[in-house]
Amino acid sequence: MGVLFLPRLGRAHTLGLSTAEFDVAASGRVAAKLTFATAEPLGSARPDSEADLRSFVLDGVDVTADGARCEPHYEGAGVTEVDGLVLEATYACPRGAGEIAVTLYYLSALRPGHREVARISGPPGSNATVEGVLTGDRRQLVLDLPAAPGRQADARREALGRRVEILTVTFAVVMLSLFVWRLRAVRQARRAPPGS
């Protein structure tokens, strides 16, 4: 009986193509999951060096909320069942941001032509999501978030405060005008000759 050769399954993760997922929580915290083919060279980072992988993520990914940098925290690395290297991190962004921007600086260190399928998902219930294919020439993805109820309430309070200020100033000007008019009328009445 001859030897039976079974076809091998192809690699599940294509070289030159990786994914990046960023999930924004209601608290503002952003959880990142970056997945690469295990055979994909990550610039100068060695995949067997936790320090290199930490540096690759912390130096290579920038997350901002309304333009302010969110504090990063490297969560670790692992290998999936289907030949994928997964790097995870979190970013301490403030609650209620109107814009979350992700810049993948590490794309410039990867092979020319490398593509990253990236997605940012807003907090549960927001239905806000943005996706894009990023490269070394186009490294940023931006998600505009709908106004949070707290921000809407703050905006309404600010608008109401401005209206109250305008009404207060208008009332003060009207009262001052009436006072000046009344004062002039009294002075004219005192200056007028009797019987006129």
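This report describes an open sheet, the helix that packs on it, and the salt bridges of a predicted model.

Residues are numbered from 1 along each chain as its sequence is written. Because the model is predicted, local features need pLDDT of at least 70 and side-chain atom pairs count only at pLDDT 80 or more, while totals for chains, interfaces and linings use all residues; side-chain values use heavy atoms, with hydrogens and water left out.

**Sheet and helix**

Six strands form an open sheet in the order β5-β6-β2-β1-β8-β9, and their pairing is mixed. Strands (E, at least two residues) and helices (H or I, at least four residues) are DSSP runs numbered from the N terminus, and two strands pair if DSSP finds at least two bridges between them. At the edges lie β5 (71-79) and β9 (129-134), each of which pairs on one side only. On average, neighbouring strands of the sheet are turned by 15 degrees against each other, direction ignored. Axes here are lines fitted to C-alpha atoms, for helices over the stretch in contact, and angles run from 0 to 180 degrees between N-to-C directions.

Strand β5 runs antiparallel to β6 (residues 84-92), and eight bridges join the two. Ala77 has Leu87, in β6, as its bridge partner. Helix α1 (residues 50-60) packs on the sheet and touches β2 (30-37), β5 and β6, where contact means heavy atoms within 4.5 Å. The direction of α1 makes about 135 degrees with that of β5.

**Salt bridges**

Side chains of opposite charge can pair when their charged atoms come close. A salt bridge is a side-chain nitrogen of Lys or Arg within 4 Å of a carboxyl oxygen of Asp or Glu, and by this rule the count comes to four. The table lists some of them, including the N to O distance.

| Pair | N to O distance |
|---|---|
| Glu21 and Arg119 | 3.2 Å |
| Arg46 and Asp48 | 3.6 Å |
| Asp62 and Arg69 | 2.8 Å |

Glu21 belongs to strand β1 (residues 17-24) and Arg119 to strand β8 (residues 115-121), so their salt bridge ties together parts that are 98 residues apart in sequence. Arg46, Asp48 and Asp52 are linked in a network of salt bridges.

Accessibility is described in three classes: buried means under 20% relative accessible area, exposed over 50%, and partly exposed in between (1.4 Å probe, protein chains only). Glu21 is partly exposed at 26%, and Arg119 is partly exposed at 27%. Arg46 is partly exposed at 49%, whereas Asp48 is exposed at 66%. Asp62 is buried at 16%, whereas Arg69 is partly exposed at 48%.
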